[in-house]
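This report examines a protein–ligand model, taking the ligand environment, then helix packing, then selected residues. The sequence and structure are shown below.

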Amino acid sequence: MAKEKEIVVSGIRPTGYLHLGNYFGAIRNYVRMQEEFNCYFFVADWHSLTTHPDPKDLQGNVMRVLAENIASGLDPEKVSLYVQSDIKEIAELYLLMNNLAYMGELEKVPTFKDKVRQQPDNVNAGLLTYPVLMSVDILIQRAVKVPVGKDQGQHLEMARNFAQRFNRRYGQLFPEPEAFNYGDSLVRIASLDGNGKMSKSENEMATIYLADDDEKIRKKISKAKTDSGNGEPGAPMPESVQNLIELMKLVSTADVVKFYEDAWTNQNIRFGDMKKQLGEDMVKFITPIREKAAALQQDKDFLRKIMKAGAEKARANAAQTLQQAQKLIGINYY
Ligand code: TYM
């Protein structure tokens, strides 16, 4: 009998336009993984509710994330592509799992602490238990690999803890999932202004979105932070220049990257030229994705068909896990 393919799960919140961080941290891996694994990829709409998005924006955001995933190369025939809220089993397992999650550990999660700082007037229970819901997204499909960017590493550690805790208390059910990236380590795409990482909702001019038009891409890159000069001989490359080189490695050819790395070493780097080159290479990379995503978004019925078919497969698998969890806990009365 053929060996069963390992299960993969990952999700993206529909909280804004997808950007290079989402692409290179997550989606690029999805596209490769769909050839080798049994993949479940979803739009995390329940997760987006912690920040109270305007109800009239939600549907458009969900559709765009679906379209951008497909435009990036995901094949809905090969993976199960769905929306989280279509899998009601997640909500029930979340309720069950919340009893194994402790206030102390949830309050210590860095993403929770960040949110408390950013939105002190809206520290809701959904924010606190966010890592429990995320763990359940993964565990309910019995996934072992979770392609995510570096910012999600801590959440994966919690998913492993919850899996272990459940298995110890009630009996073996969940495999322990690992964060996954095809390179050696998880990816973090820095923001163009040198302040933190690219993000869907912050610093728009410092984030390149998959929906940005050519002029916007060129403009954002031309304004990216760089060092003012060539630095002392042998000086290490400042982070701002390194960030641009990292972006080049993603979208430019190897000889272009080498040319600018050598230019830095030889102290004759011209940042204007470098940004122009990166701008053009980025435009070439993003244009086909943007155009395909825009076309797909015109066809809402097609997207609905995909999300429905994806949900059917994801629900069937989730229902089996939930049933086993109920049984192990003792909720089986008939
Ligand atoms: P979200 O929606 O913030 O981001 C989606 C994916 O993009 C990655 N990412 C980045 N990677 C590198 N550099 C960046 N600047 C960058 N910004 C974002 C994220 O790491 C993520 O992989 N909690 C998750 C959504 C989620 C989930 C899940 C993921 C809910 N349930 C289950 C995996 C499994 C989140 O907020 O991702």
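How far does a polar side-chain atom of Asp-151 lie from an oxygen atom of the ligand? In this predicted model, the separation is 2.6 Å. Two further polar contacts are listed with it in the table.

| Residue | Protein atom | Ligand atom | Distance |
|---|---|---|---|
| Asp-151 | polar side-chain atom | oxygen | 2.6 Å |
| Asn-22 | side-chain N or O | oxygen | 3.0 Å |
| Met-198 | backbone N or O | nitrogen | 3.0 Å |

The contact of Met-198 with the ligand thus involves a backbone atom, whereas Asn-22 uses its side chain. Considered alone, the ligand exposes 710 Å², of which the protein buries 98%.

**The shell around the ligand**

The ligand is surrounded by 27 residues, and those that come nearest are Arg-13, Tyr-130, Asp-137, Asp-151 and Lys-200. By character, the shell comprises 12 nonpolar, 9 polar and 6 charged residues. At least two shell residues are supplied by each of β1 (7–12), α1 (20–33) and α8 (130–139).

**Helix packing**

Two packed helices are described by the angle between their axes and the distance between the axes. Two helix pairs are treated here in those terms.

The first pair involves α1, which also contributes to the ligand shell. The axis of α1 crosses that of helix α13 (residues 271–298) at roughly 80°, and the two axes come within 13 Å. Angles of 65 to 115 degrees count as roughly perpendicular, and α1 and α13 are therefore roughly perpendicular to each other. On the α1 side the contact is made by Leu-20, Tyr-23 and Phe-24, and on the α13 side by Met-282, Phe-285, Ile-286 and Ile-289. The residues of this contact are 7 nonpolar, with no polar and no charged residues.

One member of that contact can be followed further. Phe-285, which is placed in helix α13, is in contact with Leu-20, Tyr-23, Phe-24 and Val-251 when its neighbours within four places in sequence are left aside. Phe-285 and Val-251 are separated by 34 residues in sequence, yet their C-alpha atoms are 6.5 Å apart in space.

The second pair consists of helix α3 (residues 55–71) and helix α14 (residues 300–329), whose axes are 11 Å apart and form an angle of about 80°. Helix α3 is therefore roughly perpendicular to α14. Residues Gln-59, Met-63, Leu-66, Ala-67 and Ile-70 of α3 meet Lys-300, Leu-303, Arg-304, Ile-306 and Met-307 of α14. This contact divides into 7 nonpolar residues, 1 polar residue and 2 charged residues.

**Contacts of Tyr-94**

Tyr-94 belongs to helix α4 (residues 88–97). With residues up to four places away in sequence not counted, Tyr-94 touches Thr-129, Val-132, Leu-133 and Val-136. Between Tyr-94 and Ser-135, which are 41 residues apart in sequence, the C-alpha to C-alpha distance is 8.5 Å.

**Backbone conformation in two loops**

Which residues other than glycine have a positive phi? Arg-142 is one of them, with phi near 60°, and Gln-267 is another, with a value of about 60°. Arg-142 is placed in the loop between α8 and β4 (145–147). Gln-267 is found in the loop between α12 (254–265) and α13.

Definitions and conventions. Residues are numbered from 1 along each chain as its sequence is written. This is a predicted model: local features need pLDDT of at least 70, side-chain atom pairs count only at pLDDT 80 or more; totals for chains, interfaces and linings use all residues. Side-chain values use heavy atoms; hydrogens and water are left out. A residue is near a molecule or strand if one of its heavy atoms lies within 4 Å of it. A polar contact is a pair of N or O atoms within 3.5 Å; within protein, one must be able to donate a hydrogen and the other to accept it, and residues adjacent in sequence count only if both atoms are side-chain atoms. Accessible areas come from the Shrake-Rupley method with a 1.4 Å probe; for residues, only the protein chains shown count as cover. Helices (H or I, at least four residues) and strands (E, at least two) are DSSP runs, numbered from the N terminus. Ala, Val, Leu, Ile, Met, Phe, Trp, Tyr, Cys and Pro count as nonpolar, Asp, Glu, Lys and Arg as charged, and the others, Gly among them, as polar. Axes are lines fitted to C-alpha atoms, for helices over the stretch in contact, and angles run from 0 to 180 degrees between N-to-C directions. Angles under 35 degrees count as roughly parallel, over 145 as roughly antiparallel, 65 to 115 as roughly perpendicular and the rest as oblique. Contact means heavy atoms within 4.5 Å.
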